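Student: I'd like to practise reading a fold from its model. Could you walk me through one, feature by feature?

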Amino acid sequence: MTPKETALFLAKALDSKKGIDIKVLETGPLTTLADYFVLCSATSSTQIRALADACEKAMKEDHGELPHHVEGHRQGTWVLLDFSSVVVHIFNEEAREFYDLERLWSDAAPVDLTGILVDNGPKG
């Protein structure tokens with residue numbers, strides 16, 4: 001699976017658990033950190049946990065891969081899942097505004113999620 005396919009696969013996993021305002025940014029040309037960032041908001045710490053679990057479960061079951069590193073606190077305001085070429089960032093809405101990764105990585109090309117997500121606009 002290519003890094004882009006992985007990013008889209010993880011975006012679908014987030015969408016399946018009602019992730020809010022899911023975005024995929026192509027960061028590969030800008031950094032060695034990852035080829036893609038997947039960003040998502042959640043309404044509660046419970047949903048943050050469920051979204052992180054959905055990503056881990058989908059990757060393990062379909063591709064036999066677990067994240068190489070997990071940052072943040074599942075009971076807190078954000079979680080980062082590092083799948084090497086793809087990094088998933090799950091935030092509550094306040095933390096997403098605070099970290100503002102879309103602004104920090106504004107040079108990254110957004111990936112069109114039309115046809116990938118059930119509804120690629122903000123939810124809630």
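**Reading the sheet**

Tutor: Start with the sheet: six strands make an open, mixed sheet in the order S3-S4-S5-S2-S1-S6. Strands pair if DSSP finds at least two bridges between them. Helices (H or I, at least four residues) and strands (E, at least two) are DSSP runs numbered from the N terminus. At the edges stand S3 (69-72) and S6 (109-110), each with a single partner strand, so one side of each has no neighbour in the sheet.

Student: Before we go on, what kind of model is this, and how are residues numbered?

Tutor: This is a predicted model, where local features need pLDDT of at least 70 and side-chain atom pairs count only at pLDDT 80 or more, while totals for chains, interfaces and linings use all residues. Residues are numbered from 1 along each chain as its sequence is written, and side-chain values use heavy atoms, with hydrogens and water left out.

Student: In what order do the elements run along the chain?

Tutor: Read from the N terminus, they go α-β-β-α-β-β-β-α-α-β. That makes four helices and six strands. The radius of gyration, taken over C-alpha atoms, is 13 Å, close to the 14 Å of the globule rule for 124 residues, so the protein is as compact as a globular protein of that length. That rule is 2.2 Å times the number of residues to the power 0.38. Along the principal axes, the C-alpha atoms fill a box of roughly 35 × 30 × 30 Å.

Student: How do I read a strand pair, say S1 and S2?

Tutor: Look at the sense and the bridges. S1 (residues 20-26) and S2 (residues 36-42) pair in the antiparallel sense over five bridges. Lys23 has Leu39 as its bridge partner in S2, and Val24 has Val38.

Student: Which strand does S1 pair with over two bridges?

Tutor: That's S6, again in the antiparallel sense. Here Leu25 stands opposite Pro110.

Student: Where do the side chains of a strand point?

Tutor: In a regular strand they alternate between the two faces of the sheet. As for cover, S1 is mostly covered, with five of its seven residues buried. Buried means under 20% relative accessible area, exposed over 50%, and partly exposed in between (1.4 Å probe, protein chains only).

Student: What share of the protein's residues is buried?

Tutor: It's 44% of the 124 residues. For long-range contacts, take pairs at least 6 apart in sequence with heavy atoms within 4.5 Å. Of these contacts, 60% join residues at least 24 apart.

Student: Which backbone angles deserve a second look?

Tutor: Check positive phi at residues other than glycine. Lys18 has a phi of about 65° and sits in the loop between H1 (3-16) and S1. At 57% relative accessibility, Lys18 counts as exposed. Ser84 also isn't a glycine, and its phi is about 70°. Its place is the loop between S4 (78-82) and S5 (86-92), and at 39% relative accessibility Ser84 is partly exposed.

Student: How far apart are the C-alpha atoms of Ser45 and Gly28?

Tutor: They are separated by 30 Å, though the two residues are 17 apart along the chain. Ser45 belongs to helix H2 (residues 45-63) and is partly exposed, with a relative accessible area of 28%.
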